[in-house]
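Let's walk through this structure together, from the overall fold down to a few backbone details. Have the viewer ready, and rotate as you read.

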Amino acid sequence: MNRREFTRVAFLTGGAAATAAALPALAAEAPARRIRTGVIGCGSVSNSYLPSLTSCSFVEVVSLCDLKPDRARRQAARFKVAHHYPHIDAMLAGEPFEFLVDLTDMQQHEGINRRALEAGKHVWSEKPIANTLAAGQELLRRAQQKGLRLWGAPITVQSPQFAFMARQLAAGKLGRVAAAHADYGHEGPDWSAFFYEKLGGSMPDLAVYNLTSLTGLLGPAKHVTALCSIVTAERTVGDKGRIRVTEEDNAMVLLDHGQGVISHIQSGFNYFNPHGHDGSQETRHTLTLVGSTGFMGLVGYDWAPLGVDLATKDAPRLQRHATDAQGYVWQQGAALAAECLATGKELLVTPEHALHVLEIITAARESSAMGRRIALASTFRWPVVVGP
Ligand SMILES: NC(=O)c1ccc[n+]([C@@H]2O[C@H](COP(=O)([O-])OP(=O)(O)OC[C@H]3O[C@@H](n4cnc5c(N)ncnc54)[C@H](O)[C@@H]3O)[C@@H](O)[C@H]2O)c1
């Protein structure tokens, strides 16, 4: 699927329709105030974020920015945003705002997020927040020192399907939990080279969702063992033509969650997938968990889940649960963060969790390169979902 087709499908399925579904939940309470918001990066994913942000009652999008000025200009006209800039310096010096939404190339996030925090802005970043755990932790420390908030995508832990699965585990429905598996892949984006360049790769783009879900369900990982490879050495992409692929496009990651629990996550840019980049029609189990008395399978992708199938020793026929999205859509993270800034209502998404997942990704690369198991240092607040 090319960029134009994806943008259209994302807008029709994930963007417009799903965002509209999310609106009642966001708009139900009268907003305390609207958060003046700047969005940097007006490429593909901005087509999913901007409908959500511009229709959120807690948000006023005041400026857009992109190094490709025509993109910022086009999105400003389409979404009726008053100001647009070709560089972050001009954006920070221009129309005042308090919340930056970073939708740029993966490699750019760390520097842009640092600039924004230094300028006193709260930040929502697409994944990853930074390029290394140490850099990400330093950003978080700076944010906390300055009384600012920093969050990162993805928001899979916010879905009702995640909550359902977490509650079944907490209630012991699976018995002694043993193992989990998750996978996410397609044939790879064809619009931008950064997905295939150093610090890009299938793990921060795709596995990041499954890593967030499985660590969210099973707890922080203690050790990582991984194999990563490059299957397609050269690609043709929209912004640079023929390029060499220099970051993994194929990854198998094993996580040790402690107490005998092991999970396996695979991701890649060489996976034939009849649903392409748009996974909203996926209906197979992409995430499964099994224990001594039960099995759970998430229907569809964890970023756009359709339900959870559960079978237990007491009720061994698979039964489908949690089929109502309750307004959840993957692209609403920045809007939820703005709601948090406006009302003080907290999210289940935490920067510590995003940084733990970032550490897993960098440790997986090290494990693959060195041929050994890597111990992890970071952790996050767990369980993520508490109570009924
Ligand atoms: N496209 C998707 O469906 C999708 C979905 C979920 C998450 N994401 C994530 O969103 C991010 C962006 O992906 P995309 O597909 O939109 O990429 P893209 O290439 O379509 O857009 C990125 C935009 O950022 C701009 N940019 C890069 N560096 C900049 C800088 N320093 N200052 C200002 N602008 C800059 C580029 O010019 C480009 O227009 C990535 O982290 C990606 O993993 C994308």
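Which domains does the domain assignment of the protein give? There are two entries: domain 1 covers 3-152, while domain 2 is made of 156-327 + 348-375. Keep in mind as you look around that this is a predicted model.

Start with the whole chain. The protein's secondary structure amounts to 10 helices and 17 strands. Measured out along the principal axes, the C-alpha trace spans about 60 × 50 × 45 Å. How does that fit with a compact globule? For 388 residues, a compact globule would have a radius of gyration near 21 Å, and the protein has 20 Å, so the two agree. Of those 388 residues, 51% count as buried. The contacts also reach far along the sequence: if you take those between residues at least 6 apart, 70% of them join residues at least 24 apart.

Now let's turn to how the two domains meet. The C-alpha centres of domain 1 and domain 2 are 24 Å apart. Across the boundary, 28 residues of domain 1 are in contact with 23 residues of domain 2. On the domain 1 side, the elements that give two or more residues are helix H1 (3-27), helix H6 (133-145) and strand S6 (150-152). H1 gives the most to this side, with 10 residues. By class, the domain 1 residues that touch domain 2 divide into 15 nonpolar, 10 polar and 3 charged.

The ligand is a good next stop. Which residues come nearest to the ligand? Of the 23 residues around it, they are Gly41, Gly43, Ser44, Val45 and Ser192. Both domains take part in the shell around the ligand, with at least three residues drawn from each of domain 1 and domain 2. Sorted by class, this shell has 10 nonpolar, 6 polar and 7 charged residues.

Let's finish with the backbone, where a little background helps. Most residues other than glycine have a negative phi, and most peptide bonds are trans. Against that background, four places deserve a look.

Two of them are cis peptide bonds. One joins lysine 127 and proline 128, with omega about -5°. Proline 128 sits in the loop between strand S5 (122-125) and H6, and H6 is one of the elements on the side of domain 1 that touches domain 2. The other cis bond joins alanine 153 and proline 154, where omega is about 5°. Proline 154 belongs to the loop between S6 and helix H7 (160-170).

The remaining two places have a positive phi in a residue other than glycine. Lysine 80 has a phi near 55°, and you will find lysine 80 in the loop between helix H3 (69-79) and strand S3 (83-85). Is lysine 80 buried or exposed? It has 8 C-beta neighbours inside 10 Å, so lysine 80 counts as exposed. Alanine 322 has a phi near 50° and lies in the loop between strand S16 (319-321) and helix H9 (333-343). Here the neighbour count is 23 C-beta atoms inside 10 Å, and therefore alanine 322 counts as buried.

Notes: Residues numbered from 1 in each chain as written. Predicted model: local features only at pLDDT ≥ 70, side-chain atom pairs only at ≥ 80, totals over all residues. Near = placed C-beta within 6 Å. Nonpolar A, V, L, I, M, F, W, Y, C, P; charged D, E, K, R; others polar. Domains from an automatic or database assignment. Helix = DSSP H or I, 4+ residues; strand = E, 2+ residues; numbered from the N terminus. Rg over C-alpha atoms; globule rule 2.2 N^0.38 Å. Buried ≥ 20, exposed ≤ 12 C-beta atoms within 10 Å, placed from the backbone. Contact = placed C-beta atoms within 7 Å.
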